Amino acid sequence: MKYWHIFLAFFIPGILGYGGGPASIPLVENEVVRRYGWMSVQEFSEMLALANSLPGPIATKLAGYIGYEQGGILGSVIGVFAAVAPSLILMIVLLGVLYKYKDSPKVQRLTLYVRPVIAILLGVMAWRFFHTSIEGIGVWQMLLITISSFLLIERMRVHPAIVIGVTLVYGAFVL
Amino acid sequence: MTGGIPLQQWRLMIAFFRVGMLGYGGGPGSIPLIHKEVVDKYEWMDEEEFGDLLALANTLPGPLATKLAGYIGYYVSGVIGMINAVLASIIPTILLMIVLLASLSSVRDVAWVEGMTAAVIPVVAMMLAVLTWQFFNRARQGMGWIQTVVMSALIFIAYQFLGVHPGIIIGALIVMAIGRKDKSSATEEGEKQ
């Protein structure tokens with residue numbers, strides 16, 4: 001039963017996540033935090049922070065780690081398989097068909113219509129993270145870290161891994 | 001295809017290992033790295049084939065990096081190549097993640113570790129907020145402010161207040177996208193006449 005849940009928890013985000021790995025983050029959160037309760041919002045955000053600061057595809061890192069936490073090595077393999085295999089098989093099978101229609105308005109509309117959903121899911125998740133953070137460290141610390149990390153990553157183009165590293169040091173000594 | 005199958009497999013493994021270890025920012029962040037290996041270095045595909053592949057991969061659901069790795073591996077040397085390329089791009093970072101997180105959770109209750117994890121949450125929230133804005137912006141560029149705002153508001157109500165599973169919302173929108181008549185192409189034809 002556990003392995004079946006692990007499979008479902010990553011099969012659903014894998015088959016519904018349009019726009020690559022990051023688009024499936026809120027879908028993974030929906031399964032892992034809301035549905036199965038394997039992690040709290042806090043634990044999920046910690047894991048996401050680390051996953052973001054490590055290299056490589058994000059969706060499979062999450063599937064591999066959460067699968068491992070829930071069901072050991074077999075759980076990890078099942079999670080990754082569920083995340084990767086369906087869309088990959090679809091890709092190889094449908095390549096010819098979709099390639100033929102890639103300029104069709106229907107196919108283009110498909111990608112377009114899904115964007116606001118992903119935006120909403122990401123937005124709700126961001127809001128919940130901010131909320132958790134205010135409860136944990138207060139408004140001013142939250143704003144300080146948010147604004148300075150925004151300026152560093154988005155304006156000054158500092159690599160996120162460096163910013164996360166510096167933030168970890170700040171948290172260890174100041175908070 | 002020179003060099004025989006073992007050499008080809010070795011090259012696939014090295015190429016996608018490098019992509020996995022150097023690509024920060026999730027799958028989309030590794031696209032330029034895949035391009036470098038596949039088109040420039042090993043010349044498995046030309047520019048145009050790679051562009052088509054990318055467009056197609058973007059219209060399908062699921063993780064992007066593994067779709068590309070899997071398809072390119074399959075294209076270069078069949079099912080074995082597919083498995084090889086996918087594993088090479090994901091296994092190293094999954095192992096890193098498990099090792100680092102396992103050691104982190106054993107010291108979770110120490111005060112300074114709690115401070116570290118508390119400090120990182122706003123950074124992640126900020127990165128998610130930026131990603132949110134990018135998705136809104138691309139939706140707006142594709143279908144204008146009004147439709148984007150109306151759709152977003154309806155989706156927000158369905159997800160947050162009515163508790164509809166996001167999968168159902170996405171499924172409904174896919175049906176809408178495929179089922180809707182192609183108004184834009186019809187008007188274009190009308191304009192031509």
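Visitor: Hi! Which residues of α3(A) meet α5(B), and which residues of α5(B) do they meet?

Guide: Hello! In this predicted model, A:Q42, A:S45, A:E46, A:L48, A:A49 and A:N52 of α3(A) touch B:T117, B:V120, B:I121, B:V124, B:M127 and B:L128 of α5(B).

Visitor: Nice. At what angle do those two helices pack?

Guide: The angle between α3(A), which is residues 41–53 of chain A, and α5(B) is about 70°, and their axes are 9 Å apart. Angles from 65 to 115 degrees count as roughly perpendicular, so α3(A) and α5(B) are roughly perpendicular to each other.

Visitor: And what about α1(A) and α2(A), what is their packing angle?

Guide: For α1(A) and α2(A) the angle is about 155°, with the axes 9 Å apart. That makes the two helices roughly antiparallel. Their crossing is right-handed.

Visitor: Which residues meet there?

Guide: From α1(A) you have A:A9, A:F10, A:I12, A:P13 and A:L16. Their partners in α2(A) are A:S24, A:L27, A:V28, A:E31 and A:V32.

Visitor: Let's hop over to chain B. How many helices and strands are in it?

Guide: Chain B has 7 helices and 0 strands, so its pattern along the sequence reads α-α-α-α-α-α-α.

Visitor: How much of chain B is buried?

Guide: Of the 193 residues in chain B, 47% are buried. As for contacts in chain B with a separation of 6 or more, 44% of them are between residues 24 or more positions apart.

Visitor: Can we zoom in on α6(B)? Which of its residues are buried?

Guide: Sure! The buried ones are B:P166, B:G167, B:I169, B:I170, B:L173, B:I174 and B:A177. They lie on the same side of α6(B), because they cover an arc of only 160° around the axis.

Visitor: What covers them?

Guide: The cover includes α1, α2 and α5 of chain A, together with α5 of chain B.

Visitor: And which exposed residues sit on the face turned away from the buried side?

Guide: That face of α6(B) carries the exposed residues B:I168, B:V175 and B:G179.

Visitor: What span should that helix have, and how far apart are its ends?

Guide: Helix α6(B) has 14 residues, 166–179, and at 1.5 Å a residue it should span 20 Å. Its end C-alpha atoms are 20 Å apart, which agrees.

Visitor: New topic: where is A:F150?

Guide: A:F150 is in helix α6 of chain A, residues 139–155. With 28% relative accessibility, A:F150 counts as partly exposed.

Visitor: Which residues is A:F150 in contact with, beyond its neighbours within four places in sequence?

Guide: Those are A:R155, B:M126 and B:V130. Also, A:P160 is 10 residues away from A:F150 along the chain, and their C-alpha atoms are separated by 9.9 Å.

Visitor: Which residue has a positive phi in the loop between α6 and α7 of chain A?

Guide: Look at A:R157, in that loop. Its phi is near 60°, a positive value in a residue other than glycine. Most residues other than glycine have a negative phi.

Visitor: Is A:R157 buried or exposed?

Guide: A:R157 counts as exposed, at 64% relative accessibility.

Visitor: And B:E43, what is its phi?

Guide: The phi of B:E43 is near 50°, a positive value too. B:E43 is in the loop between α2 and α3 of chain B, and it is exposed, with a relative accessible area of 62%.

Key. Residues are numbered from 1 along each chain as its sequence is written. Chains are lettered from A and ligands numbered from 1 in the order in which they are written. This is a predicted model: local features need pLDDT of at least 70, side-chain atom pairs count only at pLDDT 80 or more; totals for chains, interfaces and linings use all residues. Side-chain values use heavy atoms; hydrogens and water are left out. Helices (H or I, at least four residues) and strands (E, at least two) are DSSP runs, numbered from the N terminus. The expected span of a helix is 1.5 Å times one less than its number of residues. Buried means under 20% relative accessible area, exposed over 50%, partly exposed in between (1.4 Å probe, protein chains only). The arc is that of the directions from the helix axis to the C-beta atoms. Contact means heavy atoms within 4.5 Å. Axes are lines fitted to C-alpha atoms, for helices over the stretch in contact, and angles run from 0 to 180 degrees between N-to-C directions. Angles under 35 degrees count as roughly parallel, over 145 as roughly antiparallel, 65 to 115 as roughly perpendicular and the rest as oblique. A crossing is left-handed if the near helix is turned anticlockwise from the far one by less than a right angle, and right-handed if clockwise.
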